[in-house]
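Here are my notes on this one, jotted down as numbered points. Have the model open while you read.

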Amino acid sequence: MSSRALRRLKGEQRAQAALQELELSDEERMKSDAHKPKNNTSNIFELIGDAGGCTSDEEIAERGREGAQLKKDYVKNEKSNKKKKKKKKASAENGKEAAVDDIDALLETLEKSKGLSHQNTDSNVSEHRPLLYVEHRNLNPETELKRFFGARAVLGDQRVKQRQRQFHRCTWMTVPKDTWPRFSRPGISMSLVESKDGLQHFTFEHNRDYQQVQFKFFDAVESMDPNNIVVLLQLNPFHIDSLLQLSDVCHMQDDQETARDLIEKALYCFECAFHPVFSLTSGICRLDYRRPENRAFYLALFKHVMFLEKRGCPRTALEYCKLILSLDPDNDPLCMLLLFDFLCLRCREYTTFIRLNEEWEVHRNLSQLPNFSFSVALSHYHLSQHEDISPEESQQLRQKADVLLQNALIMFPGALMPLLDLCTVQPDAAVSSHAFFGPKSQIGQLPALSELVFLYVGRCHSLWKDAGLMLWLEENVEKVLKRVDTHDPYVEECQNKRKLRYQSAPRNIHRHVMISEIKEATATLPLEVTTQPGMGFDPLPPLDSIMSYTRPERQNAGASNESTLSLFFRSLLPNFNMQGTEDGQEVARAGRELNQEVNRLMVAMRDMLANIQFREPQWEDNPDRDDEEWD
């Protein structure tokens, strides 16, 4: 029986108990009326006299004795009736309380069993579900905010207003806003390319009108004037690349609300163009990143993840991270694995992250990533601190966490000192002066390894700012130093792995670092990446791109060189044509070289500013110095 039916039965029994009380009171009233005389005399002794004639003294005395006897019998009957009434009332109340107690106990047991069964089913279902399974309800950030603050605090006094115009369809990723313009299909559609091996490969397509808008967008970007993009958006409010590029501009100007709104608008436009068979939650739909039409969807989702994490919705951000990873898990074009551990730790999904590491370690070799090595140890440590596990299990998890953390420190010794620096923790002299963790460990790192280490430290250092974690880290650092001093063979094995595995980083890692905007990692990018012209709508495109249409050649070919020198001359003289000059090709080549030199100079200045450290002057003890000379 369900809880709703039991509550209904409880209400019916209460109503029946009230009716029984009313019936008992009516019966008692009828019994009391039956014991009363039929006439309306108020005194029983009035029955002695006869209205028709006189009686003798003996008859009067005899009737008086009979009246007294009747009065005694009446009083006795009243007392017995009161006793019976109390007994019946007590028995009725006891029966009612017993029935109510039984129902309450039954409801409690039902809710407990329901809760336990719900937890068991959730754990069992999560174990049997695919690892990258996406739930629709977790794509809405309000669901997570309501869980923490309540619906009233999240929604406030908002009321759903009837709009004059209605949107055509309901979406899962975003909710249309009243401030948005009326939606009209901009010319984007999705088609099914092929179905192979149980997977469905889709792609977005641009019609001819949208292609013309795309060409105008390229011209607006080359003009280096954001106002041209704004004008283009006024004419085409749902042009995807314009929304992404303008969102970056607003983000650089610290207008986060407008930047987030532009990304949500782009996602809404994409979802309205979905193929009827395309599903966000099935995990079998694929999008090829090599096609430029699909890249904007990846980038919009990634930027949306960043905004959700900053908004305080890590669980929703994790769901979108799984969505991006499910679109192309083999190639992982945006390298979402470098972000997956951070979001799992933020929303305390430790078992999900451990399961990913166990299932993908064999074919993806995730232990070579610093973020996985440290985060797996941190997940086991947090699980060992749970109060709902046995002491034996807690001790086993803690021991496993210790071993994993020691292995991570031995494999990536260059991560310790930057981590302590960002956590504002002064390391022990024995640690900082040791050759294994000292400056030599950072100087000897390969550039690809430094990029991964600084990316992890810059992103996840906030997860270590806890006194208990620092004590745990200190204990294991001491154990690692003992293993190094005793020449543990695992130390030499890790040293050989570092020399062989991190010769160069793949392109998707560089792309992830560029769009993550973590200054500690951005400073480690190689020059061949930083000198390339990067655009927010398509950062570091793949070398094997699949182009469905190409941009036609412009009449003013000099403006298409994208060099700093040519753009400078064209800004001064709009009719200037570099190709019309005699040495146009040489000047264009010189302009490209100048652009590379300027980019190298900017990288060097960024490194210099990042390494500047301000130190207080050390005053010498000079008794003759005037104390007021700096006043």
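**Notes on the fold**

1. Let's begin with a helix pair: α14 and α19 cross in the right-handed sense. Keep in mind throughout that this is a predicted model. The axes of α14 (residues 391-411) and α19 come within 9 Å of each other, and the crossing angle is roughly 60°. At that angle the two helices are oblique to each other, because the range for roughly perpendicular begins at 65 degrees.

2. Which residues of α14 and α19 make that contact? From α14 the list includes Arg 398, Ala 401, Asp 402, Leu 405 and Gln 406, along with Asn 407, Leu 409 and Ile 410. The α19 side brings in Trp 472, Leu 473, Glu 475, Asn 476 and Val 477, plus Lys 479, Val 480 and Arg 483.

3. Helix α19 (residues 467-485) also packs against α13 (residues 370-384), here at an angle of about 120° and with the axes 12 Å apart. That makes α13 oblique to α19, and this crossing is right-handed too. On α13 the contact involves Ala 377, Leu 378, Tyr 381 and His 382, while α19 supplies Gly 468, Leu 469 and Trp 472. Do look at Trp 472: this residue is listed in the contact with α13 and also in the contact with α14.

4. Now for the sheet. Three strands make up an open sheet, ordered β1-β2-β3, with mixed pairing. Why do β1 and β3 each have one side without a neighbour in the sheet? Both β1 (188-196) and β3 (285-287) are at the edges and have a single partner strand each, so one side of either strand stays unpaired in the sheet. From one strand to the next, the twist averages 35°.

5. The mixed pairing is easy to trace strand by strand. β1 and β2 are antiparallel and share eight bridges, whereas β2 (residues 199-206) and β3 run parallel and are joined by three bridges. Phe 202 is a handy landmark in β2: Leu 192 stands opposite Phe 202, and in β3 the bridge partner of Phe 202 is Leu 287.

6. The link between β1 and β2 is worth a quick zoom. These strands form a hairpin with two residues between them. One for the backbone check: Asp 197, in the turn, has a positive phi of about 55°.

7. Is Thr 316 buried or exposed? Thr 316 sits in helix α10 (residues 314-327) and is buried, with a relative accessible area of 1%. Beyond neighbours within four places in sequence, the contacts of Thr 316 are Asn 138, Leu 139, Asn 140, Pro 141, Glu 144 and Leu 308.

8. Finally, the whole-chain numbers. The protein chain has 25 helices and three strands. Of its 631 residues, 39% are buried. The chain exposes about 38200 Å², with carbon and sulfur atoms supplying 52% of that area. As for contacts between residues at least 6 apart in sequence, 72% join residues at least 24 apart.

Conventions. Residues are numbered from 1 along each chain as its sequence is written. This is a predicted model: local features need pLDDT of at least 70, side-chain atom pairs count only at pLDDT 80 or more; totals for chains, interfaces and linings use all residues. Side-chain values use heavy atoms; hydrogens and water are left out. Helices (H or I, at least four residues) and strands (E, at least two) are DSSP runs, numbered from the N terminus. Buried means under 20% relative accessible area, exposed over 50%, partly exposed in between (1.4 Å probe, protein chains only). Contact means heavy atoms within 4.5 Å. Accessible areas come from the Shrake-Rupley method with a 1.4 Å probe; for residues, only the protein chains shown count as cover. Two strands pair if DSSP finds at least two bridges between them. Axes are lines fitted to C-alpha atoms, for helices over the stretch in contact, and angles run from 0 to 180 degrees between N-to-C directions. Angles under 35 degrees count as roughly parallel, over 145 as roughly antiparallel, 65 to 115 as roughly perpendicular and the rest as oblique. A crossing is left-handed if the near helix is turned anticlockwise from the far one by less than a right angle, and right-handed if clockwise.
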